[in-house]
Amino acid sequence: PYISNLSLSLAVTVRDPDRRGNRFARVKVPAILPRFVPLSDGRTYVPLEQIVADINLDMLGRNWADTIVAIGKEHSDLGATLERVNAAHPELRMVAIDDRWPEERFYFRSDHYNFARKGGPALFFFNGVHEDYHRVTDSPDKINSEKESRILKLLYYLGQEIGNAPQRPQWDPESRKLIVEE
């Protein structure tokens, strides 16, 4: 899918009343769309307020074998939720660490940021830059797919924790003032 700084694409699981189950949907939130998000069928809409969090993934399969950087942990209680989930699954041999490059301001320049600006807490999982970053030399053979699968399992457990929580993720008050456009 095409993703740019002008819009936001989300992967979500939604309850399907016709089939009495859940289904996967890709949600595209253009900057001009203030509130309702169309699902993949083009006729069902979800109020933006019902989307509780954004888990953004970019370049997961490079660099360290047992580490993923979770950018934005300090901006909401999603960081604490991630810490709990990570601790509960040592079998994944994956450690989610804090932003190693705050001076690069990756949180403020990636795809999840448009959602965060609308009030949705977000985490950004990223392996950082490397010699092939955004170059044609970044080929699939350089991706550690086994590592990626462990990260995706961790994020699946994180999504379950967020979805089953009694309340929505909460912003850190100072971060909310900095990020959210009220």
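Strand β6 is mostly covered, with five of its five residues buried. In this predicted model, the side chains of β6 divide between two directions: Thr-67, Val-69 and Ile-71 point one way, whereas Ile-68 and Ala-70 point the other way, and all are buried. Such a division follows a general rule, since in a regular strand the side chains alternate between the two faces of the sheet.

The strand belongs to a wider arrangement. An open sheet of four strands has the order β5-β8-β6-β7, and its pairing is mixed. Its edge strands are β5 and β7, each of which pairs on one side only. On average, and with direction ignored, neighbouring strands of this sheet are turned by 30 degrees against each other. In general terms, the strands of a sheet pair through backbone hydrogen bonds, either parallel or antiparallel.

The pairings may now be taken one by one, beginning with those of β6. Towards β7, the strand β6 runs parallel, and three bridges join the two. Here Val-69 stands opposite Ile-97 of β7. Towards β8, the strand β6 pairs in the antiparallel sense, over three bridges. Within this pairing, the bridge partner of Ala-70 in β8 is Phe-125, and Val-69 has Phe-126 as its bridge partner in β8. Val-69 thus appears in both pairings, opposite Ile-97 in β7 and bridged to Phe-126 in β8.

Strand β8, residues 122-126, also pairs with β5, in the parallel sense and over five bridges. In this pairing, Leu-123 of β8 is the bridge partner of Ile-55, and Asn-56 stands opposite Phe-124 of β8. How many of the residues of β8 are buried? The strand is mostly covered, and five of its five residues are buried. Ala-122, Phe-124 and Phe-126 point one way from β8, while Leu-123 and Phe-125 point the other way; all are buried.

Helices accompany the sheet. Helix α1 lies across β6, β7 and β8, and it runs at about 50 degrees to β8. Helix α3, residues 145-164, packs on the sheet as well: α3 touches β5, β6 and β8, and its direction makes about 175 degrees with that of β5. The connection through α1 has a defined hand, as β6, α1 and β7 make a right-handed β-α-β unit.

One residue of α1 merits separate attention. Arg-84 is found in this helix. Is Arg-84 buried or partly exposed? Arg-84 counts as partly exposed because its relative accessibility is 48%, a value that lies between the 20% limit for buried residues and the 50% limit for exposed ones. The C-alpha atom of Arg-84 is separated by 9.4 Å from that of Glu-161, although the two residues are 77 apart along the chain.

Two loop residues have an uncommon backbone angle, given that most residues other than glycine have a negative phi. Asn-63 has a positive phi, near 60 degrees, and is not a glycine. Its place is in the loop between β5 (54-58) and β6 (67-71). With a relative accessible area of 38%, Asn-63 is partly exposed. Arg-93, likewise a residue other than glycine, has a positive phi near 50 degrees. Arg-93 is placed in the loop between α1 (78-88) and β7 (95-97), the helix and strand that, with β6, make the right-handed unit.

The chain as a whole gives these elements their setting. Its secondary structure comes to four helices and eight strands, which follow the pattern β-β-β-β-β-β-α-β-α-β-α-α along the sequence. The chain has 182 residues, and 42% of them count as buried. Among contacts between residues at least 6 apart in sequence, 70% join residues at least 24 apart. The accessible surface of the chain comes to about 10,700 Å², and carbon and sulfur atoms account for 53% of that surface.

Methods:
Residues numbered from 1 in each chain as written. Predicted model: local features only at pLDDT ≥ 70, side-chain atom pairs only at ≥ 80, totals over all residues. Heavy atoms only, no water. Buried < 20%, exposed > 50% of the residue type's maximum accessible area, 1.4 Å probe, protein only. Contact = heavy atoms within 4.5 Å. Areas by Shrake-Rupley, 256 points an atom, 1.4 Å probe, with all protein chains shown as cover. Pairing = 2+ DSSP bridges. Axes fitted to C-alpha atoms, helices over the stretch in contact; angles between N-to-C directions. Right-handed = clockwise from strand over helix to strand, strands pointing away.
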